Amino acid sequence: MFTKADSQWMAHALRLAERGLYTTSPNPRVGCVLVKDGKIIGRGSHEYAGEAHAEVYALRDAKEAARGATAYVTLEPCSHHGRTPPCADGLIKAGVARVVVAVQDPNPHVAGAGIARLRAAGIAVEVGLMENAARELNIGFFSRMTFNLPWLRSKIAMSVDGGTALQNGVSQWITSADSRRDVQHWRARSCAVITGVGTVLADDPQLNVRVASENSQRIRQPLRVVLDSHLKIPLSAKIFQTPPSPAGRGDGGEGATLIYTATHDAEKIAALQKLGAQIVVLPDAVGRVDLLAALRDLTARGCNEVLLEAGSILNGAFLRAGLVDELVLYIAPQLLGDMARGVAQLGELTTLDQRINMEWHDVRNVGKDLRVIARIKKDSNV
């Protein structure tokens, strides 16, 4: 069905799509290549929400030469009017002869309609080339559209024997500077970073993206989220002192601070709002923050990928609730002993049926540490 040349051009389109890794949310990352007579005549990528889609840039690049060409697109061309006109109509008007699509768009506003429109116009459409790679690139977008939840990663720095902090709470630094720099990549591609008030009280983090790169102006700062059931967060916390980065180009809320709580303390809420924080009260049945409701709220805000950077209590709570999709483990070549604090408080397991099963997704060295990405095995997964 697909030729070696098709794979070559789609791989190029996927590389173009990666340009939007840190900038497209809430939109997906998409690349497009137009090929004619064995040569690229146009290329484009979607880089910022509200700006032109990848197909539009590729068609502009190709101009009149697009007629009779083959378009390689990493995600089904849209068929609806959003912030921009339908890309399917643009390809039809340009007179392309064939469209190769990596994966169908899970957005219910599209979901096959773009492909159907192209075929109705007499364009040959083939779907499924490098589908897995295209889905991986937009794993959070697929999760949000399919399950109405963002893709939740939990980042954990640990010793070989599973220690994340000493018994007295000291944890800086278990892993190397290389690992801490690598974490910035996960923050940068995330729409939001979640932590608990315990981590704020212990470490006073900023939760912003800190990069030293010529492309740093392309980084969108994530929404900084604190789960604080009883509003214990101090008004002096660094998270309020670090303003949103002017480098980002989002639709509002970039680098802002959002606090989910279970209390209606009007005085503390007012004080936090004066500092620029957004407060959302989402109590569960036992007076803590409702974790599922918080993730649903982030979904409604257009969050595709969310990074959890928290201690064992909050990690355990999200894992017990079945809300974690992926663990990003930075493992240092150290032993902290049996008195160290662990990865997640899961309570006592009395049978092996209660364990949380995972599958290895990626293992590699980061400096002197080992980075392991493990995905939670669920009945249904992206």
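This section describes the cysteines, one strand residue and one helix pair of a predicted model.

The cysteines were examined for disulfides. A disulfide is a covalent bond between the sulfur atoms of two cysteines. With a cut-off of 2.5 Å between sulfur atoms, the model contains zero disulfides. For Cys-78, the nearest cysteine sulfur belongs to Cys-87 and lies 3.7 Å away, so this pair does not satisfy the 2.5 Å limit. Cys-78 has a relative accessibility of 8% and is therefore counted as buried, the limit for that class being under 20%. Cys-303 is likewise in no disulfide; the nearest cysteine sulfur to Cys-303 is that of Cys-191, at 5.0 Å. The relative accessible area of Cys-303 is 4%, and this residue is therefore also classed as buried.

Attention then turned to Ile-194, which is located in strand E7, a strand comprising residues 192-196. Ile-194 is buried, because its relative accessible area is 2%. Beyond its neighbours within four places in sequence, Ile-194 makes contact with Val-225, Leu-227, Leu-295, Leu-298, Val-306, Leu-307, Leu-308, Glu-309 and Phe-318. Leu-207 follows 13 residues further along the chain, and the C-alpha atoms of Ile-194 and Leu-207 are separated by 8.4 Å.

The packing of two helices was also characterised. Two packed helices are described by the angle between their axes and the distance between the axes. Helix H3 spans residues 87-94 and helix H4 spans residues 113-120. The axes of H3 and H4 are 9 Å apart and meet at an angle of about 20°. Because angles under 35 degrees count as roughly parallel, H3 is assigned as roughly parallel to H4. The crossing of the two helices is right-handed. On the H3 side, the contact is formed by Ala-88, Asp-89, Leu-91 and Ile-92, and on the H4 side by Gly-114, Arg-117 and Leu-118. By residue class, the contact of H3 with H4 comprises four nonpolar residues, one polar residue and two charged residues.

Within this contact, Arg-117 was considered individually. Arg-117 belongs to helix H4 and, at 32% relative accessibility, is classed as partly exposed. Apart from its neighbours within four places in sequence, Arg-117 is in contact with Ser-79, Pro-86, Ala-88, Asp-89 and Ile-92. Among these partners, Ala-88, Asp-89 and Ile-92 also belong to the H3 side of the helix contact. Between Arg-117 and Leu-201, which are 84 residues apart in sequence, the C-alpha to C-alpha distance is 55 Å.

Notes: Residues are numbered from 1 along each chain as its sequence is written. This is a predicted model: local features need pLDDT of at least 70, side-chain atom pairs count only at pLDDT 80 or more; totals for chains, interfaces and linings use all residues. Side-chain values use heavy atoms; hydrogens and water are left out. Buried means under 20% relative accessible area, exposed over 50%, partly exposed in between (1.4 Å probe, protein chains only). Helices (H or I, at least four residues) and strands (E, at least two) are DSSP runs, numbered from the N terminus. Contact means heavy atoms within 4.5 Å. Axes are lines fitted to C-alpha atoms, for helices over the stretch in contact, and angles run from 0 to 180 degrees between N-to-C directions. Angles under 35 degrees count as roughly parallel, over 145 as roughly antiparallel, 65 to 115 as roughly perpendicular and the rest as oblique. A crossing is left-handed if the near helix is turned anticlockwise from the far one by less than a right angle, and right-handed if clockwise. Ala, Val, Leu, Ile, Met, Phe, Trp, Tyr, Cys and Pro count as nonpolar, Asp, Glu, Lys and Arg as charged, and the others, Gly among them, as polar.
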